[in-house]
Amino acid sequence: MSYAVLESALLGIIPIASRVGRVPEILENTPAKKYMFEPRNSEDLANRVLALLAEKPQSIIDMGLKIRDSVVKKLERSSKQITKHILDILNH
């Protein structure tokens, strides 16, 4: 998982990231999904940047807040699952 993408999302900044590793999983069901680009495809990257630049400032702020809320919820669920898994292991 890319720490830069995670940090960006948690700050409410729309990450423009390639679809590699765990990035798609983290950004799934968020407005950032439409700004992910194919790895090693500079034309796709440029198109995603231009699409974001075409958005209204308030829209960008709103998307950033939605992304942050979604990622925080995913991390909370993940944390609870990890804690439960560890407790299950310790109890057996």
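A salt bridge is a side-chain nitrogen of Lys or Arg within 4 Å of a carboxyl oxygen of Asp or Glu. The model examined here is predicted. Its structure holds 6 salt bridges.

One of these joins R19 to E38, with the closest N and O atoms 2.6 Å apart. This pair links distant parts of the chain. R19 sits in the loop between α1 and α2, and E38 in the loop between α2 and α3 (42–53). The two residues are 19 residues apart. R19 counts as partly exposed because its relative accessibility is 30%. E38, at 38%, is also classed as partly exposed.

Other salt bridges include a pair within helix α3. Here the side chains of D44 and R48 meet, at 2.9 Å from N to O. Both residues belong to α3 and lie 4 residues apart, about one turn of the helix. D44 has a relative accessible area of 12%, so this residue is buried.

Helix α4 holds another such pair, K84 and D88. Their side chains form a salt bridge of 2.9 Å, N to O. About one helical turn separates K84 from D88, because they are 4 residues apart in α4. D88 is partly exposed, with a relative accessible area of 32%.

Nonpolar residues were examined next. In soluble globular proteins, nonpolar side chains tend to be buried together. The largest nonpolar core in this model has 15 residues. Within this core, I14, V23, L27, I67 and V71 have the most contacts. Helices α1 (3–10), α2 (23–27) and α4 (57–91) each supply at least two of the core residues. Leaving aside residues up to four places away in sequence, I14 touches S8, Y35, L52, I60, M63, G64 and I67.

Methods
Residues numbered from 1 in each chain as written. Predicted model: local features only at pLDDT ≥ 70, side-chain atom pairs only at ≥ 80, totals over all residues. Heavy atoms only, no water. Core = buried A, V, L, I, M, F, W, Y, C linked by side-chain atoms within 4.5 Å. Buried < 20%, exposed > 50% of the residue type's maximum accessible area, 1.4 Å probe, protein only. Contact = heavy atoms within 4.5 Å.
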